[in-house]
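Student: I have a new structure open and I'd like to learn how to read it. Could you take me through it feature by feature?

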Amino acid sequence: MFGPLVCKPQSSRNNKTGPWRTELRPKYLKKDCIACNMCLIVCPEACISGNGKNTYDFDPDFCKGCGLCAAVCPKKDIEMVKEG
Amino acid sequence: MSKTLFNSGHTACAGCGQSMAARLVIDAAGPNTIVANNTGCLEVFSTKYPETSWGIPWIHSLFENAAAVASGIESAIKYLGKGDEINVIAQAGDGGTADIGLQALSGMLERGHNILYVCYDNEAYMNTGVQRSGLTPFDTNTTTSPVGSVSSGNLRPKKPMPEIANAHGIPYVATASAGFPQDLQRKVKKAISIKGPKYIQVHVPCPLGWRHETNLTMQIAKLAVETGLYPLIEYENGIISARRSITPKPVEEYLKLQGRFKHLLQDPEEIKKIQDIADNNIKKYGLKVELQQ
Amino acid sequence: MKEFLEGSKAIAEIVKFCKPGVISAYPITPQTHIVEELAQIVADGKLNAQFVNVESEHSAASTVLGSVACGVRSYTATSSQGLFLMAEVLYNISGMRFPVIMTTAARAISAPISIWNDHQDVVSLRDSGWIQFHAENIQEAVDLHLIAYKLGEDKSIMLPVMVCIDGFILTHGVETVNMPSQEDVDKFLPPYNPPYKLDVKNPLTLGPLVDPEFYTEARFALNETHKEALELIPKITLEFSKVFGRNYNGLIESYQVKDAERVIVAMGSVCGTIKEAVDELRRKGRKVGLLKITSLRPFPVSQICEALKTIPKIAVVDRALSMGSFAPLASEIKAVFFGKLKKPKIISSFIVGLGGRDITKESIKEIFRLLTGKEKQGEFIDLKPELLKESYE
């Protein structure tokens, strides 16, 4: 029998949304990071990881380039740069 | 990848306030949670077969029935003797909550089910293309409350959903905002620690429908709170138990960042009406604190 | 054990024996006695279940959707407008493959508002994906609930089942009913153990969005399962007869059909009246018979064809309309024989008993009388032509 249509947990990781980025991507400078965790907290894609000062970075496979992490960083330690 | 119960790969728009808030909510609630989700953006962008972003048992049935489906889930786990182990969350957008789903929600609240209901309030029917809902603010330009030569947008103020929920005599009601993520998570944790029906309404900016830059989601959500347009309140057993105090900013600061209010910027009379709504909230809920010298 | 019971009480009793963990319903005449009785059974501690008093039929259906999704056997009941308010949830329950069992007290649809029995409500929901049984009497109604749970919860089926009983006639009527024992029910009906459910140990997503890549196959599979149910129903009724001693075909029942020249096709309680009329006419030497449809969905096409192909004249009795077209059951019976070489010469269609109008033995005999060489299309029986002359001008 086909159905019911059931999805395995967290299988959306098969769907890479990185190609959605057209103009900008974040650049984690890793200089003045105070490990406030805000970039990780606000990311709508849940694609930022890190644990401790200057360890945070984004996953280019999923980042859509919204720029929220850069906007929220209190130390301006994340920049939005031209997608290369 | 961070450890989360709402994972990457969903198809929400860049900068989506709802996808941010939904992750904060489920991560605060934890893995022993079952979610019933109304139809809407969140359901569509997170569960496109054969993939799902959710790491908890999750079910979608229809647009208006998550509260009733959750009532069945809660009754089933009670029957199974697991009522104390498992949290049940029903969640929906503003239209699914305040309009088409209001009856089912009211029934769920009145019957006393041990369920947390979360309304993600992005102030219009975004999934269908930005149509006006009962939670669309006054003077908003939407596709069904358009601005025209004889109209400055939506005719009515927001339906007072938190008060309506509170009027059911439930133990906990709160408003929250994507602009204050830790506060949101604290409220979710508090809610699930209380037995009975709980209602949390989260203000979630929608870059597409509100027409703002994707990197402004946080800032706009914060400004809604700081102007007094979206008061952050907690009710416990019917009485306001906490409020986020603000040093009020003028509403233009909030309005000017969003395309949906662009038509108001040259219209001081209409802005005054919106300022009155904010001032009224500030007075009604006692939000104002003076700056310390 | 033989008991003299009201239909609603008998149904509540059999539901109790099936041990649902969640019952949810909203009151609507003439379903009320069933759910009142169940509420009392739960209140008396005779059934360990959560009884959820919801604020609408839409929420009743949604609540049992939620509970059955957790792997807990669930039950609801409704009628008429309530069934229509449930409609979108019903399609959802079948599409999500959840075996909810529901009693539907068949009743007319407004307007004009009528609380009395016909089949417009249930027949209108024939495309909802639910298996749909129609009971002739209270005994059959009781037994079909057991068969419904066994069938719907079978892992190869996983579909909801609606047991349709004629409002008032079977809900409020009183009959001698042979009620089974709890032991026998337990022997017949295993605990519900679904292959998928909402479970924190295996956190599945149920009810996702599908694009055109998958939708067709999901609906195809649902349709295929209905065909599989056609095969399984007779096996389950055979098993039923071994435990309880009552024989049902589960799909159709032929009554005096074999040598008949004229046969009425019908569903529900009117079949009892038809059987009496058949007996009387047979005593006068008329070769008449009845073909009762028990399973409207799945529709037992080959069984109906086999039973009726040698009968010269068929009258299909509908207690519902499809406005502007053939009556619903009539059009399906005609479709059964479309293009067949061996088939009845005449398939006439009659409308009878709308909104609770009594169907007497005389009404049935009138149908047999009108079943002549000339085919009738949607002929109303017991119509009052004098009322049609009234107007508001």
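Tutor: Sure, let's begin with burial. A residue counts as buried if 20 or more other C-beta atoms lie within 10 Å of its own, and as exposed if 12 or fewer do. Keep in mind as we go that this is a predicted model.

Student: Which residues of helix 11 of chain C are buried?

Tutor: Helix 11 of chain C covers residues 328–337, and its buried residues are C:Pro328, C:Leu329, C:Ala330, C:Glu332, C:Ile333 and C:Val336.

Student: What do those buried residues of helix 11 pack against?

Tutor: Their partners, also in chain C, are two helices and three strands: helix 5 (120–124), helix 10 (301–308), strand 11 (262–266), strand 14 (313–318) and strand 15 (346–351). Look just past the helix too: C:Gly339 follows helix 11 of chain C and has a positive phi, near 80°.

Student: And C:Glu213, is that buried or exposed?

Tutor: Use the count again. C:Glu213 is exposed, because it has 9 other C-beta atoms within 10 Å, and 12 or fewer is the cut-off for that class. You'll find C:Glu213 in the loop between strand 9 (205–206) and helix 8 (215–244) of chain C.

Student: How far apart are C:Glu213 and C:Arg107 in sequence and in space?

Tutor: They are 106 residues apart in sequence and 39 Å apart in space, going from C-alpha to C-alpha.

Student: Let's zoom out. How many helices and strands does chain C have?

Tutor: Chain C has 13 helices and 16 strands. Its radius of gyration is 21 Å, close to the 21 Å that the globule rule gives for 393 residues, so chain C is as compact as a globular protein of that length. Along the principal axes, the C-alpha atoms of chain C fill a box of roughly 65 × 60 × 50 Å.

Student: What share of chain C counts as buried?

Tutor: That's 52% of the 393 residues. You can also ask how far along the chain the contacts reach. Among contacts in chain C between residues at least 6 apart in sequence, 80% join residues at least 24 apart.

Student: Now helix pairs. At what angle do the axes of helix 1 and helix 2 of chain C cross?

Tutor: For any pair, look at the distance, the angle and the handedness. The axes of helix 1 (residues 7–18) and helix 2 (residues 32–43) of chain C come within 8 Å and cross at roughly 45°. The two helices are therefore oblique to each other, and the crossing is right-handed.

Student: Which residues meet there?

Tutor: Helix 1 of chain C brings C:Ser8, C:Lys9, C:Ile11, C:Ala12, C:Val15 and C:Lys16, and helix 2 of chain C brings C:His33, C:Ile34, C:Glu37, C:Leu38 and C:Ile41. By class, that contact has six nonpolar, two polar and three charged residues.

Student: How do helix 9 and helix 12 of chain C pack?

Tutor: Helix 9 (residues 270–283) and helix 12 (residues 361–370) of chain C pack at about 65°, with their axes 9 Å apart. Their crossing is right-handed. Among the residues in contact are C:Ile274 and C:Leu281 of helix 9 and C:Ile364 and C:Phe368 of helix 12. The contact has five nonpolar, one polar and four charged residues.

Student: How many residues of chain C are in contact with chain B?

Tutor: Here 35 residues of chain C are in contact with 37 residues of chain B. Helix 3 of chain C gives the most to the chain C side, with nine residues. That side divides into 19 nonpolar, 13 polar and three charged residues.

Student: Where do helix 3 of chain B and helix 3 of chain C come in?

Tutor: Their axes come within 6 Å and cross at roughly 45°, which makes helix 3 of chain B oblique to helix 3 of chain C. The contact includes B:Gly72 and B:Ile73 on one helix and C:Val64 and C:Gly66 on the other. Its residues divide into eight nonpolar, eight polar and no charged.

Student: And how many residues of chain B are in contact with chain A?

Tutor: There, 29 residues of chain B are in contact with 31 residues of chain A. On the chain B side, helix 1 (17–29) and helix 9 (217–226) each give two or more residues. That side has 11 nonpolar, 16 polar and two charged residues.

Methods: Residues are numbered from 1 along each chain as its sequence is written. Chains are lettered from A and ligands numbered from 1 in the order in which they are written. This is a predicted model: local features need pLDDT of at least 70, side-chain atom pairs count only at pLDDT 80 or more; totals for chains, interfaces and linings use all residues. Axes are lines fitted to C-alpha atoms, for helices over the stretch in contact, and angles run from 0 to 180 degrees between N-to-C directions. Helices (H or I, at least four residues) and strands (E, at least two) are DSSP runs, numbered from the N terminus. Angles under 35 degrees count as roughly parallel, over 145 as roughly antiparallel, 65 to 115 as roughly perpendicular and the rest as oblique. Two residues are in contact if their C-beta atoms, placed from the backbone, lie within 7 Å. Ala, Val, Leu, Ile, Met, Phe, Trp, Tyr, Cys and Pro count as nonpolar, Asp, Glu, Lys and Arg as charged, and the others, Gly among them, as polar. The radius of gyration is taken over C-alpha atoms; the globule rule is 2.2 Å times the number of residues to the power 0.38. A crossing is left-handed if the near helix is turned anticlockwise from the far one by less than a right angle, and right-handed if clockwise.
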